[in-house]
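Below is my note on the model you sent round, set out as numbered points so that each can be checked against the coordinates.

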Amino acid sequence: MTKKFKFILLGASLLLLLIFLSGCTFTQYIAHYANMSGWTTKINIQNPHDQDIDVTLYVYDDSGSPITNEKVTIPAHGFYKANVEDIFTDPIPDTGSIIMVSNEDPSQVQKVSAIVLFEYSGSNGTSMGGLQSFAHPENVLHFPWFQNDTNFHTGIAILNVNSWPIQVVMKAVESDGTVHVSNTQTLNPMQRIIGYPQSYFNETLSGDYDLTVEASGKIAGFIILHNSDLTKVEAINGVPVIPFEPDFFSLVNLHLDLNSRPIQMLFSKDGNTMYVATEYPTDKILVINTLTYSITNEIDLNRTGYMALSPDGKSLYVADYGDNKVYRIDTTTYNKTAFTTTFTGVWCTAISNDGRYFAAASRTNYLVWDLANGGQTIINTTAGNIWSCIFSEDSKYFMVIDYANSRLIATDLSDTSNVITVNLSGKPKTIIQAPNNGSIYIGNDNDKIDDISYPSFGLVKTLTTGSNHYSLSFSPDGRYLYAPSTGDNNLWIFDEYADDFKNPIDLGDTVICTGASPDGYYVFYIKNSSPYTLRAIQGTPFDASKKK
């Protein structure tokens, strides 16, 4: 016999409990249920184990507010089957969402299957569609098919499973690759999108489409495909898209022409904004919304140099070697003000992660200021031909790469007389440090990338790839180094865990600039020829059988 228990939790306390449980429980989400206008929602939970298992079902209304909950004990090798409205002691809304949570050992509870059945009874009879309860929320959900015409219609339910508001955007792709982007929707915790997808676009969509839903946080959801008289109903889960992995990737249907040659891209902390510095034929900072793939602002410069983003993300600094200044750009208003007048031809700029140090460099000079001590200049020296500069992740060293003399110059910020030089295997053009104070990687103008240990600054190894590297980037976990080369069409990917290259990805054209999104789901790249198109690679739809 199935037993039911009741927990009394009110308001925010219920949401806080769910947040706490999410790290130590197995949770499944039903983005939408309905018990109205001929619709009935049924749940069937099966327990294949030799012991009883407890699950708790939580109900939320359409606004995302918690309503009630019920604990259900499912006997060993038994099942629990009921209409949604019959599960709970307290009344529940006609429509809403449900979370199923269990405190059992996740290795066991993962084998519990929960089926949701949507039944419609009307004048033409009864139809039913089955749905496997969703258990793997991700930032991106893929629906290989939705249809809107005289024969079939597709409804969608997308649930925000985070404890914070998120932004959601839908992208409908035609068979020829044409992309239609929806309006951006903001969902509060446990709120959802519910309705027909085409109602969220500023255009009429008719026919068959491939639909992707992207969000700034985790989402769960499904579609219901039905004919006009509802005699045929089918519910289909969204397929989660995994963070980008070189073995499981696909090109995104993204073609955003920038119409100017880029030298650098940076991301906001939440990944929703990309900043691209361009230098020819126009000198600008392009502000790009990565949810809608659109340019939302342009900041004019005289001659564009390299950018740096402040630790709090509120300020973007950019060198302008035409005006001989470093400008500060407010990332909320995009107002541009002169941050400092430095010296002729200021080319690149950097700010330390602790916010204490600021640096600027021309091709032959570089300065570092200690902002914590009134902007005191602590380094003012020269080099042969400076191409780029960075601070170490722990804010202990400042580094420049000297193109003319094929060397790295690192200065200890606690003792500026301690200057370390490392000879490189080519003339350097780009420098990056692996996350978590990892190695320093330097891309050269030949086919070499140098791996330099930190903080000992010893040459560990030299990687051989395609020639001429203008840009390097890392996956957020520090595992993959992405290295496009202008000498071939490949994106070279070095796996730090395996200490070896993955198979290079042929991008179909040479690439000048690349960057990994902060959430790890995308690798963006910009082609090295007019109109300088921004494109992206994403993870493939999740398939556990493909995971190694």
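The points that follow take up the pockets, then the strand pairing, then the aromatic contacts.

1. Please keep in mind throughout that this is a predicted model. Every value quoted below is computed from its atoms.

2. The largest pocket encloses about 1,400 Å³ of space. Its lining comprises 45 residues, and those closest to the centre are Met 265, Leu 266, Asn 353, Ile 432 and Gln 433. The elements that contribute two or more residues to this lining are β21 (261-267), β25 (304-309), β29 (348-351), β33 (386-391), β37 (428-433), β41 (473-474) and β46 (511-516). Sorted by class, the lining residues of the largest pocket are 26 nonpolar, 16 polar and three charged.

3. For the second largest pocket the volume is about 430 Å³. Here 19 residues make up the lining, with His 32, Ala 34, Trp 39, Ile 194 and Ile 224 closest to the centre. Two or more lining residues come from each of β2 (26-34), β11 (152-160), β15 (192-195) and β16 (207-227), and the classes are represented by eleven nonpolar, six polar and two charged residues.

4. Strand β29, already named as an element of the largest pocket's lining, also belongs to an open sheet of four strands, whose order is β29-β30-β31-β32 and whose pairing is antiparallel. Because β29 and β32 (376-382) stand at the edges and each has a single partner strand, one side of each is left without a neighbour in the sheet. From one strand to the next, the twist averages 10°.

5. Within that sheet, β30 (residues 357-361) and β31 (residues 365-370) run antiparallel and are joined by five bridges. As a register check, you can look for Ala 361, which stands opposite Tyr 366 in β31.

6. Which strands flank β23 in sequence and pair with it? On one side, β22 (residues 273-280) runs antiparallel to β23 and is joined to it by six bridges, and the two form a hairpin with three residues between them; Val 276 stands opposite Leu 286 in β23. On the other side, β23 pairs with β24 (residues 294-300), again in the antiparallel sense and over six bridges, and here Ile 288 has Ile 295 of β24 as its bridge partner. The hairpin of β23 and β24 has four residues between the strands, and Tyr 293 takes a positive phi near 55° in it.

7. How many residues of strand β23 (residues 284-289) are buried? Five of its six residues are, so β23 is largely enclosed by the rest of the structure.

8. Across the whole structure, the search finds 21 aromatic pairs. One of them joins Trp 347 and Trp 387 in an edge-to-face arrangement, with 6.5 Å centre to centre and 75° between the planes. This pair links distant parts of the chain, since Trp 347 sits in the loop between β28 (336-341) and β29 while Trp 387 lies in strand β33, 40 residues apart. Both Trp 347 and Trp 387 are buried.

9. The same two tryptophans, Trp 347 and Trp 387, belong to one aromatic cluster together with Tyr 306, Tyr 321 and Tyr 403. It may help to view this cluster alongside point 2, given that β33, the strand of Trp 387, is among the elements that give two or more residues to the lining of the largest pocket.

Terms used: Residues numbered from 1 in each chain as written. Predicted model: local features only at pLDDT ≥ 70, side-chain atom pairs only at ≥ 80, totals over all residues. Heavy atoms only, no water. 1 Å grid on protein atoms, 1.4 Å probe; cavity = no way out; pocket = protein on both sides within 12 Å on 5 of 7 lines; lining within 4 Å. Points joined across faces, edges and corners; volume = space filled by probe spheres on them. Nonpolar A, V, L, I, M, F, W, Y, C, P; charged D, E, K, R; others polar. Pairing = 2+ DSSP bridges. Axes fitted to C-alpha atoms, helices over the stretch in contact; angles between N-to-C directions. Buried < 20%, exposed > 50% of the residue type's maximum accessible area, 1.4 Å probe, protein only. Phe/Tyr/Trp six-rings, centres within 6.5 Å; stacked < 30°, edge-to-face > 60°.
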